[in-house]
Amino acid sequence: MAIEQRAPTRTRVTTSRGAVHLSTALAVLAFAAGSLTFLGGFLVGPEVMRGSARGTALMMCLVASPALFLAARRTLHGSTRWFFVWAGMSMFLVYNSFLLLIGTPINRLFLLYVATFGVALATMIAVARSVDAHAVAHRCSPAMRARPIAGFLGAIVTLNVLAWLARIVPATMSDQMPGLVEGMGIATVPTYLQDLAFWLPLVAVGAWQLWHRRPWGFVISGAALAFWTLEAATVAVDQWFGHRADPFSDVASDAVVVPFAALAVITAGVFWSFLHHVAEDPDPVASEPSA
């Protein structure tokens, strides 16, 4: 049901120390996986895919890992705004650790990728289980323009679905599926797989619930904005690294760097608008004692 239209209350937003501890472990693992992938020379496969993976890894270790670590602790001490960053970074690391695991040919970092993905998934679930969606929603002002934000998220979901299906459907109808992975050195496209199976439906549900000002709509949509802000920037970076590694490959293109950088800026602006209407509790908030 929709939350009442009233000013932000003093409802406290709590989290569990177990979720914070998992986030610490994930920050360490993601930093290790990202830095070793970027610097260690462990990657195999086509040059363009190695370059793209290095770009993704760079954003994991330099941005997502520190942001996750900081956001978890700020949330533990009562920050509602940082909660959305925390949830968004856990989503980002699930998404991109899966890309490293499935989107790169098996290499010496395989077990590290497995561990990072497993802990990232556990962290995302722990964050979702530890939050009181109603408490978060009550920190969001009635002045928040929920429907335009929901519409923005819905538009991105729709455009993503259309873009992926425009490639997948003709290939499947003409038995040209191998063309989808040509030059990538992998058996499937992990972006299509996880976007269509999980992430786009999840954000679509969150946007629909936000449209109706339902508690989980605020939680999912705020986290998705944090996630997609960094993800858009990461696509720009990984495409630049991939194109630089192999300028003749069609897998990565420098033509999408500026558009995705612009999308990152636009999404960051929408996220800032969202956070602007989220009240902070000036008093430290004690965490729950249980994991």
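## A walk through an all-helix chain

Read along the sequence, this protein chain runs α-α-α-α-α-α-α-α-α. Keep in mind as you look around that this is a predicted model. Switch on the cartoon view: you should find nine helices and zero strands.

**Start with the whole chain.** Select every C-alpha atom and turn the trace about. Along its principal axes the trace spans about 55 × 35 × 30 Å. The radius of gyration is 19 Å, which agrees with the value near 19 Å that a compact globule of 291 residues would have. If you draw the contacts between residues with a separation of 6 or more, 83% of them join residues 24 or more positions apart.

**Now show the surface.** The chain exposes about 13200 Å², and carbon and sulfur atoms supply 67% of that area. Next, colour the charged side chains: there are 18 positive and 15 negative ones, and the centres of the two sets lie 11 Å apart.

**Then go inside.** Of the 291 residues, 52% count as buried. The largest nonpolar core holds 82 residues; select Phe83, Trp86, Leu93 and Phe274, the members that touch the most others. Helix 3, residues 80-102, gives the most to this core, with 14 residues. In soluble globular proteins, nonpolar side chains tend to be buried together.

**Finish at Trp86.** Which residues is Trp86 in contact with, leaving aside its neighbours within four places in sequence? Select Thr15, Ala19, Val20 and Ser23, then add Leu68, Ala71, Ala72 and Thr75, and lastly Val127: these are the contacts of Trp86 beyond those neighbours.

Notes
Residues are numbered from 1 along each chain as its sequence is written. This is a predicted model: local features need pLDDT of at least 70, side-chain atom pairs count only at pLDDT 80 or more; totals for chains, interfaces and linings use all residues. Side-chain values use heavy atoms; hydrogens and water are left out. Helices (H or I, at least four residues) and strands (E, at least two) are DSSP runs, numbered from the N terminus. The radius of gyration is taken over C-alpha atoms; the globule rule is 2.2 Å times the number of residues to the power 0.38. Buried means under 20% relative accessible area, exposed over 50%, partly exposed in between (1.4 Å probe, protein chains only). Contact means heavy atoms within 4.5 Å. Accessible areas come from the Shrake-Rupley method with a 1.4 Å probe; for residues, only the protein chains shown count as cover. Lys and Arg count as positive and Asp and Glu as negative; His and the chain ends are not counted. The place of a charge is taken as NZ of Lys, CZ of Arg, CG of Asp or CD of Glu. A nonpolar core is a set of buried Ala, Val, Leu, Ile, Met, Phe, Trp, Tyr and Cys residues joined through side-chain atoms within 4.5 Å.
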